[in-house]
Amino acid sequence: MQLYNTLSAKERAALIEKAGKDRFTLSFYKYHHIKNPQIFRNHMFVTWDELDVLGRIYIAREGINAQLSVPADHFKAFKNHLDSITFLENVRLNIAIEQDNKSFLKLKVKVRNKIVADGLDDDTFDVTDKGTHVDAAKFNELIDDPDTILVDMRNHYESEIGHFKNAVTPDVDTFRDSLPIIEDDLKAHKEDKKLVMYCTGGIRCEKASAYFKHKGFKDVYQLEGGIIEYTRQVKDKELENKFVGKNFVFDERRAERISDDVIAHCHQCGKPCDTHVNCANEGCHLLFIQCEECAEKMNGCCSEACMEIVALPYEEQKALRKGKYKSNNIFKKGRSEVLRYKS
């Protein structure tokens with residue numbers, strides 16, 4: 001029985017192009033106590049592989065977090081499969097605002113200790129004891145209230161290109177970094193302020209809402225479905241859009257534009273820009289913001305040192321990478337001394 005991906009991203013991209021069929025990019029999550037994550041993982045992989053589903057899925061004892069690309073003609077079968085699993089029946093699916101048939105090029109289903117790494121080791125913390133979910137209309141009402149503190153539960157490179165007006169945007173590299181920082185900064189307001197949180201699709205702020213309730217915050221809310229669902233409701237219900245810029249997403253698209261505002265800057269020249277790229281040097285792969293002019297000037301690289309490596313024959317580049325882990329720490333996206341204009 002095949003329990004792992006067998007095609008390269010390049011091979012899969014060619015097959016998608018040849019098929020010429022539309023695909024839906026979507027995501028969902030669910031906190032639930034899963035007794036045997038490995039058995040559940042294998043079941044999901046076998047079923048989804050048969051449906052030509054692609055994506056990145058994490059399964060743990062605390063639940064499932066999935067970001068997927070599903071063939072349009074297999075969507076009904078995919079949804080029926082989800083509904084056949086008790087705790088996933090009618091789970092909210094966040095359909096991407098901007099579709100791309102090549103948003104995911106492999107099916108990766110992995111078992112993790114947690115679906116959202118939080119750095120916590122506290123048996124008394126119940127992730128299912130979450131805060132109050134609110135829709136876009138209620139969210140807008142709450143964040144207009146002077147007694148509300150609005151907190152962005154995403155990382156620095158995400159909020160840098162887009163965020164809600166007047167939100168607190170912690171300068172953090174990981175979700176686990178944000179929890180103690182926010183708790184310390186807001187500890188004086190555990191009882192006199194409404195704490196409202198948001199993230200991309202809801203999974204991080206749902207865990208955060210449970211965490212801050214656990215820590216004694218009395219009035220805790222989260223934006224249900226995150227920025228993705230908020231944007232959909234704003235359009236469908238003709239509500240005021242309070243999000244400025246782009247919403248960072250974790251697939252090949254890298255972002256969805258929510259408003260016309262460009263609030264970030266090229267990390268190399270400082271001009272207004274909100275386009276994330278990965279350094280063309282595969283041994284670096286640094287995620288950073290680069291404008292078209294700098295991309296041409298720097299050959300898609302983050303530094304002159306990386307330009308020199310990219311100019312080498314490919315086999316020489318591979319030899320330089322052999323036995324070495326990528327030089328850019330995965331949690332240090334957008335942070336490097338070579339980025340002159342990184343704010």
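**Notebook: salt bridges, helix H7 and some loop residues**

I looked up Glu293 first and found it partly exposed, with a relative accessibility of 47%. The model I am reading is a predicted one, and I keep that in mind for every entry below.

**Entry on Lys271 and Glu293**

I asked which residue Glu293 meets in a salt bridge. The partner is the side chain of Lys271, with an N to O distance of 3.3 Å. This pair links distant parts of the chain: Lys271 sits in the loop between S12 and S13, Glu293 belongs to helix H9 (residues 292–297), and their positions lie 22 residues apart in the sequence. I noted Lys271 as partly exposed too, at 33% relative accessibility. I also wrote down a network: Glu62, Lys114, Asp118 and Lys207 are joined by salt bridges that share partners.

**Entry on the other salt bridges**

How many salt bridges does a search of the whole structure find? The count is 27. I looked at some of them one by one. As a general reminder to myself, side chains of opposite charge can pair when their charged atoms come close.

Glu206 and Lys130 form one such bridge through their side chains, at 3.8 Å from N to O. Here too the pair links distant parts of the chain, 76 residues apart: Glu206 is in helix H7, and Lys130 is in the loop between S5 and S6. I checked the cover of each partner. Glu206 has a relative accessible area of 6%, which is under 20%, so I count Glu206 as buried. Lys130 comes out as partly exposed, at 34%.

Arg253 and Asp251 form another salt bridge, and their closest N and O atoms are 2.8 Å apart. Are these two partners buried or exposed? Arg253 is buried at 16% relative accessibility, and Asp251 is buried at 12%.

**Entry on helix H7**

I then went along H7, which covers residues 203–214. I wanted to know whether its end-to-end distance agrees with its number of residues. At 1.5 Å a residue, the twelve residues should span 16 Å; the end C-alpha atoms are 17 Å apart, and I take that as agreement.

How many of the twelve residues of H7 are buried? Ten are, so the helix is mostly covered by the cut-off of under 20% relative accessible area. The buried set includes charged residues, among them Arg204, Glu206 and Lys207. Ile203, Cys205, Ala208, Ser209, Ala210, Tyr211 and Phe212 are also on the list. Lys207 is the residue I had already met in the salt-bridge network with Glu62, Lys114 and Asp118. After H7 comes Gly216, which has a positive phi near 105°.

**Entry on positive phi in residues other than glycine**

I noted two residues here. Glu238 is not a glycine, yet its phi is positive, about 55°. Glu238 is in the loop between helix H8 (226–237) and strand S11 (243–248). Its relative accessibility is 73%, which is over 50%, so I count Glu238 as exposed.

Arg254 is not a glycine either, and its phi is positive at about 70°. I placed Arg254 in the loop between S11 and strand S12 (255–257). Arg254 is partly exposed, at 26% relative accessibility.

**Entry on the positive patch**

Which residues gather in a patch of positive charge on the surface? They are Lys106, Lys108, Lys110 and Arg112. I looked up Arg112 in particular: it lies in the loop between strand S5 (107–111) and strand S6 (132–134). Arg112 is partly exposed, with a relative accessible area of 38%.

**Entry on distances along the chain and in space**

From Lys106 I turned to Ala13. The two are 93 residues apart along the chain, and their C-alpha atoms are separated by 9.3 Å. Ala13 is in helix H1 (residues 9–19) and is buried, at 15% relative accessible area.

I took a second pair, Glu282 and Ala137. What separates them in sequence and in space? They are 145 residues apart in sequence and 44 Å apart from C-alpha to C-alpha. Glu282 is in the loop between strand S13 (276–278) and strand S14 (287–289). I noted Glu282 as partly exposed, with a relative accessible area of 39%.

How values were computed:
Residues are numbered from 1 along each chain as its sequence is written. This is a predicted model: local features need pLDDT of at least 70, side-chain atom pairs count only at pLDDT 80 or more; totals for chains, interfaces and linings use all residues. Side-chain values use heavy atoms; hydrogens and water are left out. Helices (H or I, at least four residues) and strands (E, at least two) are DSSP runs, numbered from the N terminus. The expected span of a helix is 1.5 Å times one less than its number of residues. Buried means under 20% relative accessible area, exposed over 50%, partly exposed in between (1.4 Å probe, protein chains only). Patches are made of residues with over 30% relative accessible area and no salt bridge: like charges are joined within 9 Å, nonpolar side chains (Val, Leu, Ile, Met, Phe, Trp, Tyr) within 5 Å. Accessible areas come from the Shrake-Rupley method with a 1.4 Å probe; for residues, only the protein chains shown count as cover. A salt bridge is a side-chain nitrogen of Lys or Arg within 4 Å of a carboxyl oxygen of Asp or Glu. Lys and Arg count as positive and Asp and Glu as negative; His and the chain ends are not counted. The place of a charge is taken as NZ of Lys, CZ of Arg, CG of Asp or CD of Glu.
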